[in-house]
Structure formats: C-alpha cells, structure tokens
Amino acid sequence: MSTSFDLPSPDVFTAGTVGPPGQRTFFLQVREDELTVTLRCEKQQVAALAEYFGGLLDDLEPAPFGVTGGDLALTEPVSPIWT
C-alpha cells in the first residue's frame with residue numbers, strides 16, 4: 001500500500017527524538033492545519049537533512065518581519081507512518 005501526502009504550506013517541519021541517549025529513535029514531523037505526518041528515520045538522515053536545509057536557508061534573504069521559532073517539539077503521540 002502506497003501513501004503520499006501533499007503539504008504545500010506546512011506550519012511546522014521539525015525533527016526530534018524519543019528515548020534516552022544511546023537508545024534514541026529519530027523522527028521527522030510535518031504539520032499542516034490538522035494533519036500531522038511523522039516519519040521514523042536514522043540519525044544520519046536527520047543530520048544530512050539539517051545540513052541541506054541549513055544551506056537553503058543561508059541562500060534566502062532574511063524575512064523583513066522576523067520569524068519566531070514556534071513550538072518545534074514533536075506532537076504526541078509520536079506514531080510514524082513510515083520508516
């Protein structure tokens with residue numbers, strides 16, 4: 001079964017962990033309106049995405065009105081739909 005999501009204007013795109021150091025499980029989570037999509041991933045995948053997105057952000061002009069961090073914590077329950 002194949003599942004896909006179209007989230008053209010997400011409210012939040014974040015990464016987080018569940019569990020103690022050394023036993024952590026890594027997740028990516030996207031929230032748009034009432035839809036939350038959670039994906040389980042490897043630590044190296046999160047690091048690679050963070051580096052890539054950091055480069056994209058470096059190329060953007062600063063927002064004229066400023067941007068707040070907002071709530072970047074994972075939304076519970078953390079139930080991945082894909083690994």
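## Exercises on a predicted β-β-β-α model

Leaving aside neighbours within four places in sequence, Arg31 touches Pro10, Asp11, Val12, Thr14, Thr36, Asp71, Ala73, Leu74 and Thr75. Keep that list at hand as you work through a structure that is a predicted model.

**Exercise 1. Place Arg31 and decide whether this residue is buried or exposed.**

Step 1. Find the element: Arg31 sits in strand E2, which covers residues 25–32.

Step 2. Apply the cut-off: a residue is buried when its relative accessible area is under 20%. Arg31 has 11% relative accessibility, so Arg31 counts as buried.

Step 3. Look at the rest of the strand. Seven of the eight residues of E2 are buried, and the strand is mostly covered. For the protein as a whole, buried residues make up 19% of its 83 residues.

**Exercise 2. Work out which elements the chain contains and in what pattern they follow one another.**

Step 1. Count the elements: there are one helix and three strands.

Step 2. Read along the sequence, and the pattern that appears is β-β-β-α.

Step 3. Put numbers on the elements. Strand E1 takes residues 12–18, E2 takes 25–32 and E3 takes 35–41, and helix H1 takes 43–58.

**Exercise 3. Assemble the sheet from its pairings and say which strands lie at the edges.**

Step 1. Start with E1 and E2: they run antiparallel and are joined by seven bridges. Two partners to find on screen are Phe13 with Val30 of E2 and Gly16 opposite Phe27 of E2.

Step 2. Continue to E2 and E3, an antiparallel pair with seven bridges. Here Val30 stands opposite Val37 of E3, and Glu32 has Leu35 of E3 as its bridge partner. Val30 therefore links both pairings, with Phe13 as its partner and Val37 opposite it in E3.

Step 3. Join the pairs: the three strands make an open antiparallel sheet in the order E1-E2-E3. E1 and E3 are the edge strands, each pairing on one side only. From one strand to the next, the twist averages 25°.

Step 4. Add the helix. H1 packs on the sheet and touches E1, E2 and E3, with its direction at about 45° to that of E2.

A reminder while you rotate the view: in a regular strand, side chains alternate between the two faces of the sheet.

**Exercise 4. Compare the turns of the two hairpins: how many residues lie between the strands in each?**

Step 1. In the hairpin of E1 and E2, six residues lie between the strands, and Gly19 in the turn has a positive phi of about 110°.

Step 2. In the hairpin of E2 and E3, two residues lie between the strands. Asp33 belongs to this loop.

Step 3. Check the backbone of Asp33. Its phi is near 55°, a positive value in a residue other than glycine.

Step 4. Check its cover. Exposed means over 50% relative accessible area; Asp33 has 63% relative accessibility and therefore counts as exposed.

**Exercise 5. Find the nonpolar patch on the surface and name its members.**

Step 1. The members are Phe5, Leu35, Ile81 and Trp82, with about 410 Å² of accessible area together.

Step 2. Trace two of the members. Phe5 lies in the segment before E1, while Leu35 is the residue of E3 that partners Glu32.

Step 3. Classify Phe5: partly exposed lies between under 20% and over 50%, so at 39% relative accessibility Phe5 counts as partly exposed.

Step 4. Set the patch in context: the accessible surface of the protein comes to about 6600 Å², with 55% belonging to carbon and sulfur atoms.

**Exercise 6. Examine Ala47 in the helix, then the peptide bond from Glu76 to Pro77.**

Step 1. Ala47 is a residue of H1. Its relative accessible area is 44%, so Ala47 is partly exposed.

Step 2. Take the C-alpha atoms of Ala47 and Ala15: these residues are 32 apart along the chain, and the atoms are separated by 9.7 Å.

Step 3. Widen the view to contacts between residues at least 6 apart in sequence: 45% join residues at least 24 apart.

Step 4. Move to Pro77, in the segment after H1. The bond from Glu76 to Pro77 is cis, with omega near -5°.

Conventions: Residues numbered from 1 in each chain as written. Predicted model: local features only at pLDDT ≥ 70, side-chain atom pairs only at ≥ 80, totals over all residues. Heavy atoms only, no water. Patch = residues over 30% accessible without salt bridge, like charges linked within 9 Å, V, L, I, M, F, W, Y side chains within 5 Å. Areas by Shrake-Rupley, 256 points an atom, 1.4 Å probe, with all protein chains shown as cover. Salt bridge = Lys/Arg side-chain N within 4 Å of Asp/Glu carboxyl O. Helix = DSSP H or I, 4+ residues; strand = E, 2+ residues; numbered from the N terminus. Pairing = 2+ DSSP bridges. Buried < 20%, exposed > 50% of the residue type's maximum accessible area, 1.4 Å probe, protein only. Contact = heavy atoms within 4.5 Å. Axes fitted to C-alpha atoms, helices over the stretch in contact; angles between N-to-C directions.
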